[in-house]
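Got the viewer open? Keep a selection box handy and follow along, stop by stop.

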Amino acid sequence: MAPLPPPEPSIHLETTAALQARKVRFELNRVVLPIGIEGTYGVIRHPGASLAVPVLEDGRVVILRQYRFAVAGRLLEFPAGTLEEGEEPLGSMRRELEEETGYSASRWDPLGAMHPCPGYSDEVIHLFLARELTLLQDRPPGDDDEDMEVLLLEPAQLDALLASGDEALDGKTVTAWYRARQLLGS
């Protein structure tokens, strides 16, 4: 996959307000856009994340049904996680896969990167296809606030769930599945 295009930055005049949360920072910035317009824009500064599409030898996909506070509901999501300071995307994803699913993978293929919410966030999610999975004897502990169920689905089942309208959709998961299907040739 090709890398993301290089940034075309605005001219930063000043940060007028900022609020640091657990993993993100919200800023109000006065900027001059590349087209010459000056304005105040809110942005969520995010350290980046990784996501894996885990596929078992028999072709089933490992996916989560995870509770998300912001939408007050459960979403179908591939395992993913925020990068810790100084952490590389693949290293983060190896850790998250084990914590969230109880599997490790010995084959990793990059699926590129994406901006999930470019209208208000600088987050970049690095996507991977994880194969040659092994179920761990002892699953490492994850975050205390994670509430998720691990599902094993046939690709056609996942396609049907995503198309049905019966599941709340997660954009990064839909994008990653689309890219994984291209690499898997299905």
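Which residue is the bridge partner of arginine 107 in E9? Select arginine 131: that is the residue in E9 bridged to arginine 107.

Before moving on, some ground rules. This is a predicted model, where local features need pLDDT of at least 70 and side-chain atom pairs count only at pLDDT 80 or more, while totals for chains, interfaces and linings use all residues. Numbering starts from 1 along each chain as its sequence is written, and side-chain values use heavy atoms, with hydrogens and water left out.

**The whole chain**

Zoom out and colour by secondary structure. You should find 3 helices and 10 strands (DSSP runs numbered from the N terminus: helices are H or I with at least four residues, strands are E with at least two). Traced from the N terminus, the order of elements is β-β-β-β-β-β-β-α-β-β-β-α-α. The C-alpha atoms fill a box of roughly 55 × 35 × 35 Å along the principal axes. Of the 186 residues, 39% count as buried (under 20% relative accessible area; exposed is over 50%, and partly exposed is in between, with a 1.4 Å probe and protein chains only). Switch on the surface and you are looking at about 10600 Å² of accessible area, 54% of it from carbon and sulfur atoms (Shrake-Rupley method, 1.4 Å probe; for residues, only the protein chains shown count as cover).

**Stop one: around E9**

Now select 103-114 and 125-135. These are E8 and E9, which run antiparallel and are joined by 10 bridges. Add 49-54, strand E4, which runs parallel to E9 and is joined to that strand by 6 bridges. Click alanine 49 and look across to isoleucine 125, its bridge partner in E9. Strands of a sheet pair through backbone hydrogen bonds, either parallel or antiparallel.

**Stop two: E1-E2-E3**

Next comes an open sheet of 3 strands, ordered E1-E2-E3 with antiparallel pairing (two strands pair if DSSP finds at least two bridges between them). E1 and E3 are the edges, each with a single partner strand, so one side of each has no neighbour in the sheet. The twist averages 20° from one strand to the next (axes are lines fitted to C-alpha atoms, for helices over the stretch in contact; angles run from 0 to 180 degrees between N-to-C directions). E2 (25-32) pairs with E3 over 8 bridges, and arginine 30 sits opposite threonine 40.

Select threonine 16 in E1 (11-20). Threonine 16 counts as partly exposed because its relative accessible area is 44%. Leaving aside residues up to four places away in sequence, threonine 16 touches Leu28, Arg30 and Thr40 (contact means heavy atoms within 4.5 Å). Leucine 4 is 12 residues away along the chain, with 29 Å between the C-alpha atoms of the two.

Slide over to tyrosine 41 in E3 (38-45). Its relative accessibility is 36%, so tyrosine 41 is partly exposed.

**Stop three: E6-E5-E10**

Finish with another open sheet of 3 strands, ordered E6-E5-E10 and paired antiparallel. Its edge strands are E6 (73-77) and E10 (148-153), each pairing on one side only. Here the twist averages 25° from one strand to the next. E5 (61-68) pairs with E10 over 6 bridges, and arginine 65 stands opposite glutamate 149. Last selection: 155-164, helix H2, which lies across E5, E6 and E10 and runs at about 120° to E10.
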